[in-house]
Amino acid sequence: MRVLIMAKEGEQIEATTPPTPEAIAEYHKFNEELVKAGVVLGAGRLYPSSQSKRIRFDGKKRTVIDGPFAETKELVAGYWLWQVRSMDEALEWLKRAPYDGGIFEIRQILEYEGM
């Protein structure tokens, strides 16, 4: 099964403090473990919402909305795309992540035949 892990933006709207060299080393070590285990399919950090856009669909009408977006609890700051055997496996991997704070959401990707 494939799952998407989303790092929630929380209160870090624009100015984030860069991680320490030690923290970066821990992240790299954890990511290397994921890659060696064949779990990671993709990953990335996203630009702040001030540089993003949304499109609202209303029938045939399309409206473009410029960021930033106020509801930070709804924003995603980064992601992983993982291939795991179960949601429990995804949870066990994520529990090992070297984070001191934050909220992460795990969602199974709905897959249709032929997609």
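Two strands are said to pair if DSSP finds at least two bridges between them. In this predicted model, strand 3 and strand 4 (residues 61–66) meet that condition with six bridges, running in the antiparallel sense. Before a closer look at this pair, a short overview may help.

The protein has two helices and six strands. Along the sequence these elements follow the pattern β-α-β-β-β-β-α-β. Taken along the principal axes, the C-alpha atoms fill a box of roughly 45 × 45 × 15 Å. Of the 115 residues, 24% count as buried.

The pair formed by strand 3 and strand 4 is a good place to start. The two strands form a hairpin with two residues between them. In the turn, Gly59 has a positive phi of about 65 degrees. How many of the six residues of strand 3 are buried? The count is zero, and strand 3 is hardly covered. Phe57 illustrates this setting. Phe57 belongs to strand 3, and its bridge partner in strand 4 is Arg62. With a relative accessibility of 56%, Phe57 counts as exposed, because the cut-off for that class is over 50%. Phe57 also takes part in a nonpolar patch on the surface, together with Ile55 and Val64. The accessible area of these three residues together is about 330 Å².

Just ahead of this hairpin along the chain comes a loop with a rather different resident. Ser49 is found in the loop between strand 2 (40–45) and strand 3 (53–58). Is Ser49 buried or exposed? At 6% relative accessibility, Ser49 counts as buried, since the cut-off for that class is under 20%. The side chain of Ser49 also makes a contact, reaching the backbone nitrogen of Phe69 at 3.2 Å.

Helix 2 (87–95) can be described by its two sides. Glu89, Ala90, Trp93 and Leu94 are the buried residues of this helix. These four cover an arc of only 130 degrees around the axis, which means that they sit on the same side of helix 2. On the other side, Asp88 and Lys95 are exposed. For Lys95, the relative accessibility is 61%.

Charged side chains come next. How many salt bridges does a search of the whole structure find? The search finds seven. One of them links Glu33 with Arg96, whose closest N and O atoms are 2.4 Å apart. Glu33 lies in helix 1 (residues 21–36) and Arg96 in the loop between helix 2 and strand 6, so this salt bridge ties together parts that are 63 residues apart in sequence. Both partners are partly exposed: Glu33 has a relative accessibility of 27%, and Arg96 has one of 48%.

A salt bridge also joins Glu89 and Arg85, with 3.7 Å between the closest N and O atoms. The two partners fall into opposite classes. Glu89 counts as buried at 15% relative accessibility, whereas Arg85 is exposed, with a relative accessible area of 74%. Glu89 thus appears twice in this account, as a salt-bridge partner of Arg85 and as one of the buried residues of helix 2.

Lys95, on the exposed side of helix 2, forms a salt bridge with Glu92 at 3.4 Å, N to O. Both residues lie in helix 2, three residues apart, about one turn of the helix. Glu92 is partly exposed, with a relative accessible area of 45%. Elsewhere, Lys8, Glu105 and Arg107 are joined into one network by salt bridges that share partners.

The loop that follows helix 2 and leads to strand 6 (104–108) also holds Asp100. Asp100 is exposed, with a relative accessible area of 88%. Which residue 77 positions away along the chain can be compared with Asp100 in space? That residue is Ala23, and the C-alpha atoms of Asp100 and Ala23 are separated by 9.8 Å.

Technical notes:
Residues are numbered from 1 along each chain as its sequence is written. This is a predicted model: local features need pLDDT of at least 70, side-chain atom pairs count only at pLDDT 80 or more; totals for chains, interfaces and linings use all residues. Side-chain values use heavy atoms; hydrogens and water are left out. Buried means under 20% relative accessible area, exposed over 50%, partly exposed in between (1.4 Å probe, protein chains only). A polar contact is a pair of N or O atoms within 3.5 Å; within protein, one must be able to donate a hydrogen and the other to accept it, and residues adjacent in sequence count only if both atoms are side-chain atoms. Patches are made of residues with over 30% relative accessible area and no salt bridge: like charges are joined within 9 Å, nonpolar side chains (Val, Leu, Ile, Met, Phe, Trp, Tyr) within 5 Å. Accessible areas come from the Shrake-Rupley method with a 1.4 Å probe; for residues, only the protein chains shown count as cover. A salt bridge is a side-chain nitrogen of Lys or Arg within 4 Å of a carboxyl oxygen of Asp or Glu. The arc is that of the directions from the helix axis to the C-beta atoms.
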